[in-house]
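Colleague: Got a minute to walk me through this one? I'd like to go over the helices first, then the strands.
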Amino acid sequence: MNATPRALNRFLLALLGLLLMGVGGGLALISAWPAAARAWHSFAARAGTEGAAAFSSTVMPGSGASWIWVAAAVLSFVGIVLMVLWMAAQGGGRTDTLVSEYDDDGAPGRVAISGGVAEQALRNALQQDPDVAGSAVSTYRVRGRSALRVRITPRQGAAPHLIAADATALVESLDLALGHETPVLLSLEAGRRIRLGREDRVR
């Protein structure tokens, strides 16, 4: 439910995987095939000579350094900035507002309900269930709408479908109390010592 760019992450992981597979396949080929090893040594020697010539021909006047190093430093800086932006784009999507609507009945104005109201109400209600070992409720912004993510850890031996039904009833009661139907992702997750299947339910 968060704002993680999953398509971009999958593309980058696939690209990195292909790159590592290519490097690994090349190293295996060089180590196992003498002709490939000779070709690599010849290419490396030629590339070293051409690289040295390129550095010597691109020396900036008065500095004694090649502009290639400056370009490499700029590209490295740009790469670092892009990595920081990519890391900042992971996760996110949390919001503090569950409902925000304009009401023109009586005194016109905007009515806003904090997500903490629903989170605390659901957590307190779920704690009363003896089959629930733990719970966590969060509010996210999904496609322009606020939604709730309810994660429940059942106790050992508890029936997941019954817990899911009770949690669904609690969410429906919350909707009636707020007068607003909220999208909900209900997730039942096994604890460290509980071997239960995982069940997700989206409403």
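**Helices and strands**

Modeller: Sure. Both faces of β5 are covered, so to speak up front: Val184, Leu186 and Leu188 on one side and Leu185 and Ser187 on the other are all buried. Keep in mind that this is a predicted model.

Colleague: Okay, strands first then. How many of the residues of strand β5 are buried?

Modeller: 5 of the 5 residues in β5 (residues 184-188) are buried, so the strand is largely enclosed by the rest of the structure.

Colleague: And how many bridges join β4 to β5?

Modeller: There are 5 bridges between β4 (residues 145-154) and β5, and the two strands run parallel. One pairing to look at is arginine 151, which has serine 187 in β5 as its bridge partner. From β4 the chain passes through helix α5 (residues 160-178) to reach β5, a right-handed β-α-β crossover.

Colleague: Now the helices. At what angle do α1 and α2 cross?

Modeller: Roughly 110 degrees, with the axes of α1 (residues 6-32) and α2 (residues 34-57) coming within 5 Å. The two helices are therefore roughly perpendicular to each other.

Colleague: Which residues meet there?

Modeller: Leu29, Ile30 and Ala32 from α1 meet Pro34, Ala36, Ala37 and Trp40 from α2. By class, that contact has 7 nonpolar residues, no polar ones and no charged ones.

Colleague: Switching topic: is alanine 112 buried or exposed?

Modeller: Exposed, at a relative accessible area of 53%. Alanine 112 sits in strand β2 (residues 109-114).

Colleague: What does alanine 112 touch?

Modeller: Leaving out residues up to four places away in sequence, alanine 112 touches Thr97, Val99 and Ser100. Its C-alpha is 7.5 Å from that of leucine 98, 14 residues apart along the chain.

Key: Residues are numbered from 1 along each chain as its sequence is written. This is a predicted model: local features need pLDDT of at least 70, side-chain atom pairs count only at pLDDT 80 or more; totals for chains, interfaces and linings use all residues. Side-chain values use heavy atoms; hydrogens and water are left out. Axes are lines fitted to C-alpha atoms, for helices over the stretch in contact, and angles run from 0 to 180 degrees between N-to-C directions. Helices (H or I, at least four residues) and strands (E, at least two) are DSSP runs, numbered from the N terminus. Angles under 35 degrees count as roughly parallel, over 145 as roughly antiparallel, 65 to 115 as roughly perpendicular and the rest as oblique. Contact means heavy atoms within 4.5 Å. Ala, Val, Leu, Ile, Met, Phe, Trp, Tyr, Cys and Pro count as nonpolar, Asp, Glu, Lys and Arg as charged, and the others, Gly among them, as polar. Buried means under 20% relative accessible area, exposed over 50%, partly exposed in between (1.4 Å probe, protein chains only). Two strands pair if DSSP finds at least two bridges between them. A crossover is right-handed if, with the strands pointing away from the viewer, the path from the first strand over the helix to the second runs clockwise.
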